[in-house]
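Please open the structure in your viewer and keep the selection tool at hand. The stops below are to be taken in order.

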Amino acid sequence: MKKPLVIFLFFLVCCTYAQVGVVKGIVLDKQSENPLEGATIELLNTETATGVITDFDGRFALNSVPIGRQVLRISYIGYESTTIPNIEVTTGKDVFLTITLLESFNQLDEVVLTSDTNKDKPLNKLATVSARQFGVEEVTRFSGGRSDVGRLAANFAGVSAPDDSRNDIVIRGNSPTGLLWRLEGVPIPSPNHYSTLGTTGGPVSALNPNLLKNSDFITSAFPAEYGNAIGGVFDLGFRKGNADDYEYTLQTGIFTGVEAMAEGPMGNNNGSFLIAARYSLVGLLGIGAGGTAATPNYNDVSFNLDFGRGNLGNFSLFGIIGNSDIEFLGDDIDEDDLFAAEDENTFVESRFGVVGLKHRLSLGNSSFLRTIVSGSYSGNDFAVDRFIEKNTPQERLIRYTEADNTETRLTFSTLFNSKVTNKLTLRTGILVENYRIESLLLDRNEQADNDGDGDPDLVNFRDIDENLSILQPYLQGQLRLTEKLTLNAGLHSQYSTLNEQFVVAPRAAVNYNFLPRHNINLGYGLHHQPVPLPLLFLNENVGGELVQTNRDLDYVQSSHYVLGYNVKLSDSWRAKVEVYYQDIEKAAVEAFPSSYSTLTEGADFGFENDRVSLVNDGTGFNQGIELTLEKFFSRGYYGLLTGSFFDSKYEGSDGIERNTPFNNGYVVNLLAGKEFKTGPSGKNVWFVDTRLTTSGSRYFTPVDLEASQQAGFEILQEDRAFSEQYDGYFRWDVKFGLKINSRDKKSSHQFYFDLQNVTANENIFVRRYNRLTNQVDQVDQIGFFPDFGYKFQF
């Protein structure tokens, strides 16, 4: 009896001591972003005190850190110290942290303690209002999120995305086309599989969350370095690979696909490599997913090569390359398919890629110069063959729609940042983008038979090969007026070579910490963006010639006003209220009285193809209030409650105020999760997460059924544009799984099951005219859908 007990105790002790991990990182000055040598890092809440100091490059490593969620305190003489909670340490992968410290206002010799670092503050120090950061753990943790950063953002206040088939982001009632995607400091096209020209969303994200570092999401009045957008900003970055050890990840999931990732040291200057490749699991299995019986095939490769710090500065090479295709064959399509019809064969291919070279050069102890040169492309081919008189002896097949779009972009960005004093930081730079747009659109939809062949004519709506450049110089700064009052201000300017437009946009925001746990902020920003490119280059038949009558349209202009109040209820609880008003001018509308406005575009995969000779006389506004109550992860659980209550209206050239299609009215999200330690040493974890979402649905334009039946295609009652609203949206997701840390090896396993829409609620996707039934049919969104995933790190 004693022998088995001794063996068990020996095994338990071995498990306890073997189950340790490593926490590494770098400590930087928040204003200059230069490394801090000699900063102290302490591991808290452990039986024995553990601490290290940073080296010349600001780097540190804590070895033999107990498995589980740990807390670090970082301090440096003359700087405000910070505490980082909720660091998840596993046996499968080293943890790497990038930590920034703020120099104390009065340059005191003693350390000034501050509250815990949490995700309510953005990484960009010049972003004051309507901004927060998020990390890879959040992207992969939330139930129903499909490891998609776009769907993650839908949980934040001010964001609406009641569409199960796409990850379009509607920010405060703005069209998704108003969103700016940035990667490693440069703008990129929509980083999604099956995306189309001019859109910012898609069914499946091409962004691999395993490569992302903590990044920023900004919903209004963004700083002067961001331009060419009126809705919001996703400012993403890739993390660096492990510079000390080789690590590998194998993973699979229904939406993320089959994935392999490797990282490790590279070169002799503390460099590293990080590369991952994914392929769709449903494509390998040959099954449909996401609301269709067709099989989606998609793959992507992402990488970040860091060449380390040398005499010429730090160079890194980053990129994403993705491809996707799907075939909707009419004989295999169900009548309630979200994307296809039973009398058509549809073929879709898309391509996405970005490759960039990034250079950072320190200029003394307080300044740096960051320069990026990148190239990107986004393309899609779309073809529809329709059966005429199908299933009859007269059956024939004709090409009905053909689109071939490619956007190639060369980008140069340079930024100079200087910490003038501990109270003043200046940043200036310029962004230059050169676009080459090749776009072909031939379509028979809603066309007459002028050539008498018995079929609607195949009309050329776009056939272009255009070049244009957009230049965006900017200047911004941060001034700490007092220890409690901070001012961020700047100017952004934008010039287009297409029609020689030049605009200047002021931005300003203040943050006032009037009590230790309370602060208010006030922001204003003027923003500009051209109308979407597919509309800008539409052809119009003028006197027998095809003319691009929209190409001289001005920028759409948007003024943002934001007032926010934040309170830290405790170390892990915070509440936030934000009110806003957005005034939009110079939207493109038709020259004659009409309900149309470009502010209503972006709700689907494409754009209308007959809106020509537009003028910049449209207006609109968005206003609302947002509420956030958040419990950051501590003591084994987290919670997030967000509520957005808003109104989004526009006016076309007829002067009538109407709802935009994005005017959901309200969105409420409730998320919560809990971890339960298990195993002989308590180092394995069961976890459960849940999400409840309810919102008003989109407004839509009713179908003129009689006119549609006579014409044979859908005709809408445009005099009643967006006058009706779909039934409210409701969805409940539940996710549960297990994390297992190896007892004697550097490896870990994670399993999860994600039950999406567990109540099988029939949320409406669309009501549309069906030419086969000759009626208006309702198509519902995805019902109950189980997802699963497995990750192995070693």
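The tour goes from model confidence to the nonpolar cores, then to a surface patch and two asparagines.

**Confidence**

Begin by colouring the chain by pLDDT, since this is a predicted model. The chain has a mean pLDDT of 91, and 95% of its residues reach 70 or more. Now select residues 1–18, where pLDDT stays under 50. For this stretch the model has 8 contacts beyond four places in sequence. Select residues 109–113 next: there too the pLDDT is below 50, and the stretch has 12 contacts in the model beyond near neighbours in sequence.

**The nonpolar cores**

Which residues touch the most other members of the largest nonpolar core? Select F134, I169, W181, L183, F217, F234 and L236, which hold that place among the 36 residues of the core. To see where the core draws its members from, display the elements that each supply at least two of its residues: the helix α3 (149–153) and the strands β12 (179–183), β17 (232–236), β20 (271–279), β22 (313–328), β23 (344–363) and β36 (637–651).

Centre the view on L183 and leave aside its neighbours within four places in sequence. The residues in contact with L183 are then I188, L236, G237, F238, F318, I320 and V354. One of these partners, L236, is also among the core residues that touch the most other members.

Apart from this core lies another one, of 31 residues. To find it, select L468, L533, F537 and V612, which are among its members.

**A nonpolar patch on the surface**

Show the surface and select Y512, I520, L522, L563, Y565, V577, V579, I625, L627, F645 and Y666. Together these residues form a nonpolar patch with about 850 Å² of accessible area. Strands β30 (518–529), β33 (556–568), β34 (573–590) and β35 (614–634) each supply at least two of the patch residues.

Within the patch, pick L627, which is placed in strand β35. Why does L627 count as partly exposed? Its relative accessibility is 37%, and the partly exposed class lies between 20% and 50%.

**Two asparagines with positive phi**

Most residues other than glycine have a negative phi. Select N86, in strand β6 (residues 79–89), whose phi is positive, near 60°. N86 is partly exposed, with a relative accessible area of 21%.

Finish at N774, in the loop between β44 (764–770) and β45 (775–780). The phi of N774 is also positive, near 65°, and N774 counts as partly exposed because its relative accessibility is 30%.

Terms used. Residues numbered from 1 in each chain as written. Predicted model: local features only at pLDDT ≥ 70, side-chain atom pairs only at ≥ 80, totals over all residues. Heavy atoms only, no water. pLDDT = per-residue confidence, 0-100. Contact = heavy atoms within 4.5 Å. Core = buried A, V, L, I, M, F, W, Y, C linked by side-chain atoms within 4.5 Å. Buried < 20%, exposed > 50% of the residue type's maximum accessible area, 1.4 Å probe, protein only. Helix = DSSP H or I, 4+ residues; strand = E, 2+ residues; numbered from the N terminus. Patch = residues over 30% accessible without salt bridge, like charges linked within 9 Å, V, L, I, M, F, W, Y side chains within 5 Å. Areas by Shrake-Rupley, 256 points an atom, 1.4 Å probe, with all protein chains shown as cover. Salt bridge = Lys/Arg side-chain N within 4 Å of Asp/Glu carboxyl O.
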